[in-house]
Amino acid sequence: MRIFHLGKRQMLAFFVPGFLLGIIYVNFAAEKYMAEAGIFSDLFLSQFADMQIDIRSYLPYLIRLRAVPLLLLAAVSFTRLRKAAAILFLLWTGFTGGVTVSSAVYGLGLRGSLLCAAALLPQFLFYIPAFVILLWYCISAPGTRWNRQKTIFVIAAMAAGIVLELWVNPELVRAFTALFQMRA
């Protein structure tokens, strides 16, 4: 059990600095881009409320977006580069998370942070554990072994996350954007 706690600390030790670098990047280096209208604007929110999502096009996109990074990390997890891959993955996800949240807050204020929370739910309640299991293995191997239970859990969690992101999340985000439109 000690290895698992050590792994969680190591994961946070790379994710959090990446997140902070993302915030710093938006506030200092990308400030000129933040002045332009983008996805974190009232115009985009009003357009999203009326948008219909084509499930047949969205499903392959989600599979590429969510499963490909998992499969690449899984492939590298069985090589000597697994720790370096886990560290780079955590730094990159932290950085992109920091950029996204900072951009949302810069463009929409508190509404932007709430929109980010709505955009992550409920699917990230499944994606995060799937990636944590794989990252934990990458960081703690060879002291731990990969087994069938981990494989089944990761596949089931990713599948559940994709289904939720496909069907539930668009409606949740649409409800939040409608709420924002009423208050704006």
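**View 1. Helices α7 and α8 run roughly antiparallel to each other.** This is a predicted model, so local features need pLDDT of at least 70, side-chain atom pairs count only at pLDDT 80 or more, and totals for chains, interfaces and linings use all residues. Residues are numbered from 1 along each chain as its sequence is written, and side-chain values use heavy atoms, with hydrogens and water left out. The axes of α7 and α8 are 7 Å apart, and the two helices pack at an angle of about 150 degrees. Axes here are lines fitted to C-alpha atoms, for helices over the stretch in contact, with angles running from 0 to 180 degrees between N-to-C directions. Angles under 35 degrees count as roughly parallel, over 145 as roughly antiparallel, 65 to 115 as roughly perpendicular, and the rest as oblique. The crossing of this pair is left-handed, meaning that the near helix is turned anticlockwise from the far one by less than a right angle (clockwise would be right-handed). On the α7 side, look for Phe126, Tyr127, Phe131 and Trp136, among others. Their partners in α8 include Phe153, Val154, Met158 and Leu164. A contact means heavy atoms within 4.5 Å.

**View 2. α4 also packs on α7, this time roughly parallel.** The axes of α4 and α7 come within 10 Å and cross at roughly 15 degrees. Here too the crossing is left-handed. Arg66, Pro69, Leu70, Leu73 and Ala74 are what α4 brings to the meeting. From α7 come Phe124, Tyr127, Phe131, Leu134, Leu135 and Cys138.

**View 3. The largest nonpolar core has 21 residues.** A nonpolar core is a set of buried Ala, Val, Leu, Ile, Met, Phe, Trp, Tyr and Cys residues joined through side-chain atoms within 4.5 Å. Buried means under 20% relative accessible area, exposed means over 50%, and partly exposed is in between (1.4 Å probe, protein chains only). Which members touch the most other members? They are Met11, Leu70, Leu73, Phe131, Leu135 and Met158. Helices α4 (55-76), α5 (82-108), α7 (124-140) and α8 (148-167) each supply at least two residues of this core. The biggest giver is α7, with 8 residues. Zoom in on Leu135 and you'll find it touching Met11, Leu73, Ala86, Phe89 and Leu90, leaving aside residues up to four places away in sequence.

**View 4. A second core sits separate from the one above.** This one has 9 residues, including Leu45, Leu108, Cys116 and Val173. Cys116 counts as buried because its relative accessibility is 11%. Another cysteine, Cys138, counts as buried at 0%. The structure holds 0 disulfides (pairs of cysteine sulfur atoms within 2.5 Å).

**View 5. Ile23 in helix α1 touches Gly98, Val99 and Ser102.** That list doesn't count residues up to four places away in sequence. Helix α1 covers residues 2-29. Buried or exposed? Ile23 is partly exposed, with a relative accessible area of 26%. Ile23 and Ser103 are 80 residues apart in sequence, yet 8.5 Å apart in space, C-alpha to C-alpha.

**View 6. Leu88 in helix α5 is exposed.** Its relative accessibility is 60%. Gly18 is 70 residues away from Leu88 in sequence and 9.5 Å away in space, C-alpha to C-alpha.

**View 7. Two prolines follow cis peptide bonds.** Most peptide bonds are trans. The bond from Leu121 to Pro122 is cis, with omega near -10 degrees. You'll find Pro122 in the loop between α6 (110-120) and α7. The other cis bond joins Ala141 and Pro142, where omega is about 10 degrees. Pro142 lies in the loop between α7 and α8 and is exposed, at a relative accessible area of 65%. Pro142 and Arg80 are 62 residues apart in sequence and 9.8 Å apart in space, C-alpha to C-alpha.

**View 8. Zooming back out, the protein has 9 helices and 0 strands.** Helices (H or I, at least four residues) and strands (E, at least two) are DSSP runs, numbered from the N terminus. Of the 184 residues in the protein, buried ones make up 33%. Among contacts with a separation of 6 or more, 85% are between residues 24 or more positions apart.
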